[in-house]
Amino acid sequence: MSLLQARNVTKRFGGLVAVDDVSFEVFEGTIKALIGPNGAGKSTLFNALTGFDRPDGGSVLFDGAELVGRTPRETVHAGVARTFQNTRLFEEMTAGENVMVGSQARQRSGFLAAMLRLPAAVADDRDARAEAGRLLRLIGIEEWLDAPAADLPAGIRRLVEIARALATGPRLLLLDEPAAGLNLTETRELVQTLFRVRDSGVTVVVVEHDMGLVMEVSDEIIVLDRGRRIAEGPPRIIQKDPAVIAAYLGGGDEDV
Amino acid sequence: MSARTLRALAPLVAAAFVAVLPLLVSDRFLLKIFTFAGINALVVTGLALLFGYAGQVSLGHAAFVGLGAYTCALCTVRLDWPWLLAFAASGAVAALGGLVLALPSLRLKGHYLAMATLGFGVLMSIVFVEAEPVTGGVDGFGGIPFPSLGPLLVRDAASLYWLVWGTVAIAVVAAFNVTSLRPGRAMRALHGSEQGAQASGVDVVGVKVRTFVASALLAGLAGALYASVVGFISPSIFTFAASITFLAMTVLGGTGSLAGPLVAAVLLTLLQYLDALIPGIPTETAQALQRYQEDIYGLAIILVVVFAPAGLAGLWRRRRGGGEAA
């Protein structure tokens, strides 16, 4: 069953068509990779899907409900969480506290409840703390729980951001270049993490340049080039697709 | 005694000291200075939420103090309301002002937000002068009665002190609860990365508005206390310079902390009355310090921002080798 249906999504910046009439589907319980040379429109498409940017045309149905026009927060509430290409962590908070913030999306207790330390507020706090611990263990970085985000190595920062996104309780997780800045070991661990996340019932869309990782984890791949969808299919087919090879090798783009 | 018990005990010891101070100090003027320190601490606690936790700058907080002070004066003198009702109204009116200011702030960041709050402060200080029939204009507003809690009239120096610091204690406990639970994390997240906060499902707009309103409310209550303690208010008290003073206390106290700004508020208030506190100090020195007060605050802000961005609280945390904000 398709969880996400993007139809004819278009995003222009002035005269530049960053995302040009792109349609695709993501099936529940799968990992889908979104690849393409730099400037292909991958991050723009992510922003359009998550409410950080409003597409100029098209529609994005998540489990049948329209996402276009929603704010980032409403998108999170609908069950779509994301990470950023340049991590957006809260530097003065610890890794654990960063992940705890993700639980905000699932919780309701407000200022007044907190001011009076009502049971609801204390319960939310305890729940967020437990969930942060659980997620950092799931991702295998529990030893960083109390480290300030500003002190984290680049690879760990990405994983903390993934944990934070998972804390919102998403059904769909959009990861923007999660392997950037990871060493080989960390990348291996990331692959395992992605499988664990998928097995826990979360559908994943991942933008990634590491082709080894992409081919290994993804059930399906969609390829963008200069804003247009040029191919879509399972990894083995995509590897042999002439349009894809041309886009990567022929476009004069050194970043493969 | 472990560092942990020490940390848990420190606020209690500080609270006990503040509570018994009137029993140790018989000088009424000295008590009044500490009462003013409490009033400033109340404003600064609100600013600590706004600036230190949520990362939103206000250069116009004296306007909220003024709103509270004039509301209290009007309600008690003109409308003859019971003091507690006037006190509550003062907080409510200032909170409403905070709401009005929060609306444009949703679209503004950094310097632009600072400019908007500055403009609000200047605007209000003009209103205090020009709305003469209501505020008494430059001549000020006098004859404001002492606070009364039901039948209990609070008028001697010690009782006023306790009333002010009792209010501070309640505000600090409430603020501590807010900062240590869900809303506090939302505020700190907002400070850290607005996009990261949005992506985490934080109600960015709601958090900004609520924090603005809460800090304005505390400033309004502080204004009402000031009006009732002194009995006289005038526009010259709620100026841009006063806003800078509050901000200096907050910045010096440090981000992500309530204790730091509280301590800074007391210290900088005492600085204004050095001649009364240190009997031997030459009059010229004391006068010079008072004359250059704003320059000292401005310099303090610059030094803190450049050399210790996390303020007193940051230095304290670093000395202790990390640990969470309190």
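These are my notebook entries on a predicted model with chains A and B.

**Entry 1: chain A as a whole**

I started with the make-up of chain A and found 10 helices and 10 strands. Its radius of gyration came out at 19 Å, close to the 18 Å that the globule rule gives for 256 residues, so chain A is as compact as a globular protein of that length. I also looked up the box that holds its C-alpha atoms, taken along the principal axes: roughly 60 × 40 × 35 Å.

**Entry 2: the sheet in chain A**

Next I followed the strands. Six of them form an open sheet in chain A, in the order β6-β7-β8-β3-β9-β10, and the pairing is mixed. Which strands sit at the edges? I noted β6 (80-82) and β10 (228-233) of chain A, each of which pairs on one side only. I then checked the turn between neighbouring strands of this sheet, which is 15° on average, direction ignored.

I picked one pair for a better look. Strand β3 (residues 31-35) of chain A runs parallel to strand β8 (residues 203-207) of chain A, and four bridges join them. If you would like a place to start on screen, try Ile31(A), which stands opposite Val204(A) in β8(A).

I also wanted to know what lies across these strands. Helix α7 (residues 184-199) of chain A does so, covering β3, β7 (172-176) and β8 of chain A. This helix runs at about 145° to β8(A).

**Entry 3: chain B as a whole**

I moved on to chain B and counted 16 helices and two strands. The radius of gyration of chain B is 19 Å, close to the 20 Å that the globule rule gives for 326 residues, so this chain is as compact as a globular protein of that length. Its C-alpha trace spans about 50 × 45 × 40 Å along the principal axes.

**Entry 4: two helix pairs in chain B**

For packed helices I noted angle and distance, since two packed helices are described by the angle between their axes and the distance between the axes.

My first pair was helix α2 (residues 28-53) and helix α12 (residues 259-272) of chain B, whose axes come within 8 Å and cross at roughly 140°. That angle makes α2(B) oblique to α12(B). The crossing is right-handed. Among the residues in the contact I marked Phe36(B), Val44(B) and Leu47(B) from α2(B), along with Leu262(B) and Val266(B) from α12(B). Sorted by class, this contact has 12 nonpolar, four polar and no charged residues.

My second pair was helix α3 (residues 61-78) and helix α10 (residues 204-230) of chain B, packed at an angle of about 50° with their axes 6 Å apart. I put α3(B) down as oblique to α10(B) because of that angle. Here too I noted a right-handed crossing. The contact includes His61(B), Phe64(B) and Cys72(B) of α3(B), and Leu221(B), Gly223(B) and Tyr226(B) of α10(B). Its classes are 13 nonpolar, seven polar and no charged residues.

**Entry 5: where the chains meet**

Last, I looked at the interface. How many residues of chain A are in contact with chain B? I found 29, and they touch 23 residues of chain B. On the chain A side, the elements that give two or more residues are α2 (72-78), α3 (95-102), α4 (111-115) and α5 (119-139). This side divides into 12 nonpolar, seven polar and 10 charged residues.

Definitions and conventions:
Residues numbered from 1 in each chain as written. Chains lettered and ligands numbered in written order. Predicted model: local features only at pLDDT ≥ 70, side-chain atom pairs only at ≥ 80, totals over all residues. Contact = placed C-beta atoms within 7 Å. Nonpolar A, V, L, I, M, F, W, Y, C, P; charged D, E, K, R; others polar. Axes fitted to C-alpha atoms, helices over the stretch in contact; angles between N-to-C directions. Parallel < 35°, antiparallel > 145°, perpendicular 65-115°, else oblique. Left-handed = near helix turned anticlockwise from the far one by under 90°. Pairing = 2+ DSSP bridges. Rg over C-alpha atoms; globule rule 2.2 N^0.38 Å.
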